[in-house]
Amino acid sequence: MKIAVRGGHNNSVTGTSQLLNEVKEDRKVKDAVIKYLKELDYQVLDVTSPDSCNTQGKDLAYGVNKATDFGAELFISIHFNNAYKTYDGALGTETIIYPNSKTAYPYAKRINDNLVKLGFKNRGVKNDSRGLYELNHTKCPACIIEVCFVEATTDVKLYKQLGVDKVAKAIAEGIVGHSIEDKKSQSSQIQKKSNNTPKKTYSVNYCLEWQKFYNEATSTKKPLILNGIYCKNTQNSLDSLLYYIKQSKKYKYCLEFQRFYNSVTQTRKPISEDGYWGKQTENAYFTMVKLIKGEY
Ligand SMILES: [Zn+2]
């Protein structure tokens, strides 16, 4: 999955600055978010504008255009908020999306929830009411994260206590939809994996294709993240759809699965697309599970 990440503003068109300097901090958070995503093998492009983008228009267009050229499937813009000259207390965190965007919402919700879990006051996921450029011109789901308020004493204290890395990790975990193990335990896991039979790789990412199929076929309100990575949520989707597939023509899913299977595998022996659950479809289903897990 391709993700474009940027820190808001630049040194020519500066952001806000009180107890914290927005540009300075958003770049630190942005760098750490990118580090986490890359560790998980996401394709990430830093679309932060250089200082030579010396108007607000140039700054905003730079990020969006880079993301579009890259073919980004998700756009993340990191900011810090400001409302008052000074503020004694907590104002909190919010993530802004294009009004009622169904595709951006799951990311925004998880990111916001994760930041709230760290202790920031919850301002929630907000629909953009200002026609924000980054949300209106991106061609993919987009989130503007306002980590916290630069003038709010409690926000700033918490932000400093937590440190950039924890804040960035919470954001990255919100993006990918699962918790990220720290590097030590991760590398020991990779070690473990490489001692086993190596997982096969295919020219098609069956896991990704399944995730797309599942989201489209079910029109679920809680879509799977299209990351092509087999995890608990992917397994849950397999389990839950199997229940309906097994009921043949009672639901549309058996037929849709048969079509999906034939088209994605390009098999020379296509299974019949008849909407009936039988031995053939059962075999196809379990083959698909193996392909998704990389075990076939
Ligand atoms: Zn900003």
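This section describes the fold of the chain, its central sheet, two helix pairs and several individual residues, as seen in a predicted model.

The chain comprises 296 residues, of which 39% count as buried. Its secondary structure amounts to 11 helices and six strands. The C-alpha trace extends over about 70 × 45 × 35 Å along its principal axes. When contacts between residues at least 6 apart in sequence are considered, 72% of them join residues at least 24 apart.

The six strands are arranged as an open sheet with the order S2-S1-S3-S6-S4-S5, and the pairing within this sheet is mixed. Strand S2 (43-46) and strand S5 (122-127) occupy the edges; each has a single partner strand, so one side of each lacks a neighbour in the sheet. From one strand to the next, the twist averages 20 degrees. In general, the strands of a sheet pair through backbone hydrogen bonds, in either a parallel or an antiparallel sense.

Within the sheet order, strand S3 stands between S1 and S6. Strand S1 (residues 2-7) pairs with S3 in the parallel sense, and five bridges connect the two. Ile3 has Leu74 as its bridge partner in S3, while Gly7 is bridged to Ile78 of the S3 strand. Strand S6 (residues 142-149) likewise runs parallel to S3, to which it is joined by six bridges. On the S6 side, Asn81 has Phe149 as its bridge partner.

Strand S3 (residues 74-81) is mostly covered, with eight of its eight residues buried. Leu74, Ile76, Ile78 and Phe80 point one way from the strand, and Phe75, Ser77, His79 and Asn81 point the other way; all of these residues are buried. Two residues already named as bridge partners of S1, Leu74 and Ile78, thus belong to the set that includes Ile76 and Phe80. Asn81, the residue bridged to Phe149 of S6, belongs to the opposite set, with Phe75, Ser77 and His79. Helix H2 (residues 56-70) lies across S1, S2 and S3, and runs at about 165 degrees to S1.

Two helix pairs were examined in further detail. Packed helices are in general described by the angle between their axes and the distance between those axes. In the pair formed by helix H1 (residues 22-39) and helix H6 (residues 164-176), the packing angle is about 50 degrees and the axes lie 8 Å apart. H1 is therefore oblique to H6. The crossing of H1 past H6 is right-handed. On the H1 side, the contact involves Lys28, Val29, Ala32, Val33, Tyr36 and Leu37, which meet Val164, Asp165, Val167, Ala168, Lys169, Ile171, Ala172 and Ile175 of H6. Classified by residue type, this contact of H1 with H6 contains 11 nonpolar, no polar and three charged residues.

The second pair consists of helix H8 (residues 206-218) and helix H10 (residues 253-265), whose axes come within 11 Å and cross at roughly 150 degrees. Since angles over 145 degrees count as roughly antiparallel, H8 is assigned as roughly antiparallel to H10. H8, too, passes its partner H10 in a right-handed crossing. Tyr206, Glu209, Phe213 and Ala217 of H8 meet Tyr253, Glu256, Phe260 and Val264 of H10. The residues of this contact of H8 with H10 divide into six nonpolar, no polar and two charged.

Two loop residues were noted for their backbone conformation. Most residues other than glycine have a negative phi. Asn100, although not a glycine, has a positive phi of about 60 degrees. Asn100 is located in the loop between strand S4 (93-97) and helix H3 (105-117), and is exposed because 9 other C-beta atoms lie within 10 Å. Gln266 likewise has a positive phi, near 50 degrees, in a residue other than glycine. Gln266 belongs to the loop between H10 and helix H11 (279-293). With 8 other C-beta atoms within 10 Å, Gln266 is also exposed.

Leu238, in contrast, is found in a helix, H9 (residues 232-245). Leu238 has 18 C-beta neighbours inside 10 Å and therefore counts as partly exposed. The C-alpha atom of Leu238 is separated by 41 Å from that of Ser49, a residue 189 positions away along the chain.

Key:
Residues numbered from 1 in each chain as written. Predicted model: local features only at pLDDT ≥ 70, side-chain atom pairs only at ≥ 80, totals over all residues. Buried ≥ 20, exposed ≤ 12 C-beta atoms within 10 Å, placed from the backbone. Helix = DSSP H or I, 4+ residues; strand = E, 2+ residues; numbered from the N terminus. Pairing = 2+ DSSP bridges. Axes fitted to C-alpha atoms, helices over the stretch in contact; angles between N-to-C directions. Parallel < 35°, antiparallel > 145°, perpendicular 65-115°, else oblique. Left-handed = near helix turned anticlockwise from the far one by under 90°. Contact = placed C-beta atoms within 7 Å. Nonpolar A, V, L, I, M, F, W, Y, C, P; charged D, E, K, R; others polar.
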